[in-house]
Amino acid sequence: MKIGYARVSSVDQNLDRQIKQLEEFECEHIVEEKMSGATRTERKELEKLMNKLRFKDVLVVSDLSRIARSLNDLLSILEELKEKEVDFISIKENIDTRNDNIYSNFMIQILGAIAEFERNLTKERQREGIAIAKSKGKYKGGKEKYTEDHKGIQEAVKLYKKGTSIVDIAEITNISRPTLYKKFKALGLK
């Protein structure tokens, strides 16, 4: 079975172009995801798909950047597919592992490295732009979501002072444990 995977980084972006390519490639099922590709663990639909793939399925993407943003991530996914005997196709890069030839494998490694390099260049340019904006006094940075006045933080502090565990506080307030640890430390509670 040919299964397509389409992903964009945010809910504002559109999947139509990818879906059209996957449909033209005759994918029988298409999984859609609107989530940053920076880490694999955040891509819940990809994780579900990887768990459902089985022997002789074919995973199809419009281009490599849709499935992985780093060489390690790409190689990890491809190794997992290989172990399951699932083939992989990237339309844009013309990669097709159904033939299992050394050229496809080589291209996957080269293109994955280039994608990672481009992402690092973008991050570097962004850091440089922020530094310039800061030097001109034009950079304000992101607004802190959980200030001391935030109702959830106030509730979390009350619960913490009562001896409630961080795990329980996170569940009650719907604030992540790392954020709670950071805020409690900043407030001198940890």
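**Figure 1. Ser-62 and the residues around it.** Not counting neighbours within four places in sequence, Ser-62 is in contact with Arg-17, Gln-18, Gln-21, Leu-22, Ser-90, Ile-91 and Lys-92. As throughout these figures, the view comes from a predicted model. Ser-62 sits in the loop that links β3 (58-61) to α3 (71-83). Although it belongs to a loop, Ser-62 counts as buried, because its relative accessibility is 1% and the cut-off for buried is under 20%. Look also at the next residue along: the side chains of Ser-62 and Asp-63 make a polar contact at 3.5 Å.

**Figure 2. The whole protein chain, for orientation.** Before going on with the close-ups, here is the overall layout. The protein chain holds seven helices and five strands. Read from the N terminus, its elements follow the order β-α-β-α-β-α-β-β-α-α-α-α. The protein chain is more spread out than a compact globule, because its radius of gyration is 22 Å, well over the 16 Å that the globule rule gives for 190 residues. The C-alpha trace spans about 60 × 45 × 30 Å along its principal axes. Of the 190 residues, 34% are buried. Taking contacts between residues at least 6 apart in sequence, 61% join residues at least 24 apart.

**Figure 3. The surface and charges of the protein chain.** The exposed area of the protein chain comes to about 12500 Å², and carbon and sulfur atoms supply 50% of it. Side chains that carry charge number 37 positive and 32 negative, and the centres of these two sets lie 9 Å apart.

**Figure 4. Arg-7 in strand β1.** Here is a charged residue to linger over: Arg-7 belongs to strand β1. Arg-7 is buried, because its relative accessible area is 0% and buried means under 20%. Across the chain, Arg-7 and Glu-33 are 26 residues apart in sequence, yet their C-alpha atoms are 4.7 Å apart in space. Glu-33 is also one of the contacts of Arg-7 beyond four places in sequence; the others are Leu-15, Gln-18, Met-35, Ser-36, Gly-37, Arg-43, Ser-65, Arg-66 and Arg-69. You may recognise Gln-18 from the view of Ser-62, where it is one of the contacts of that serine.

**Figure 5. Ser-9 in the loop after β1.** Ser-9 lies in the loop between β1 (2-8) and α1 (16-24). With a relative accessibility of 32%, Ser-9 counts as partly exposed. Beyond its neighbours within four places in sequence, Ser-9 is in contact with Met-35, Ser-36 and Arg-69. These three residues also appear among the contacts of Arg-7, so it helps to keep Figure 4 at hand when looking at this one. For a sense of scale, the C-alpha atoms of Ser-9 and Ser-70 are separated by 15 Å, with their positions 61 residues apart along the chain.

**Figure 6. Glu-85 and Asn-94, each with a positive phi.** This view pairs two loop residues. Glu-85 sits in the loop between α3 and β4 (87-90), and its phi is near 60°, a positive value in a residue other than glycine. Asn-94 is found in the loop between β4 and β5 (95-96), and it has a phi near 55°, again positive in a residue other than glycine. Are these residues buried or exposed? Glu-85 counts as partly exposed at 47% relative accessibility, whereas Asn-94 is exposed, with a relative accessible area of 69%.

**Figure 7. Ile-108 in helix α4.** Ile-108 is part of helix α4, which covers residues 102-135. Its relative accessible area is 3%, so Ile-108 is buried. Which residues does Ile-108 touch, leaving aside neighbours within four places in sequence? Its contacts are Leu-74, Leu-78, Ile-95 and Thr-97. Leu-64 is 44 residues away along the chain, and its C-alpha atom is separated from that of Ile-108 by 8.5 Å.

**Figure 8. Thr-173 in helix α6.** The last close-up shows Thr-173, which lies in helix α6 (residues 166-173). Thr-173 is buried, with a relative accessible area of 15%. A polar atom of its side chain lies 2.8 Å from the backbone oxygen of Ile-169. Not counting residues up to four places away in sequence, Thr-173 touches Gly-152, Glu-155, Ala-156 and Leu-159.

How values were computed
Residues are numbered from 1 along each chain as its sequence is written. This is a predicted model: local features need pLDDT of at least 70, side-chain atom pairs count only at pLDDT 80 or more; totals for chains, interfaces and linings use all residues. Side-chain values use heavy atoms; hydrogens and water are left out. Helices (H or I, at least four residues) and strands (E, at least two) are DSSP runs, numbered from the N terminus. The radius of gyration is taken over C-alpha atoms; the globule rule is 2.2 Å times the number of residues to the power 0.38. Buried means under 20% relative accessible area, exposed over 50%, partly exposed in between (1.4 Å probe, protein chains only). Contact means heavy atoms within 4.5 Å. Accessible areas come from the Shrake-Rupley method with a 1.4 Å probe; for residues, only the protein chains shown count as cover. Lys and Arg count as positive and Asp and Glu as negative; His and the chain ends are not counted. The place of a charge is taken as NZ of Lys, CZ of Arg, CG of Asp or CD of Glu. A polar contact is a pair of N or O atoms within 3.5 Å; within protein, one must be able to donate a hydrogen and the other to accept it, and residues adjacent in sequence count only if both atoms are side-chain atoms.
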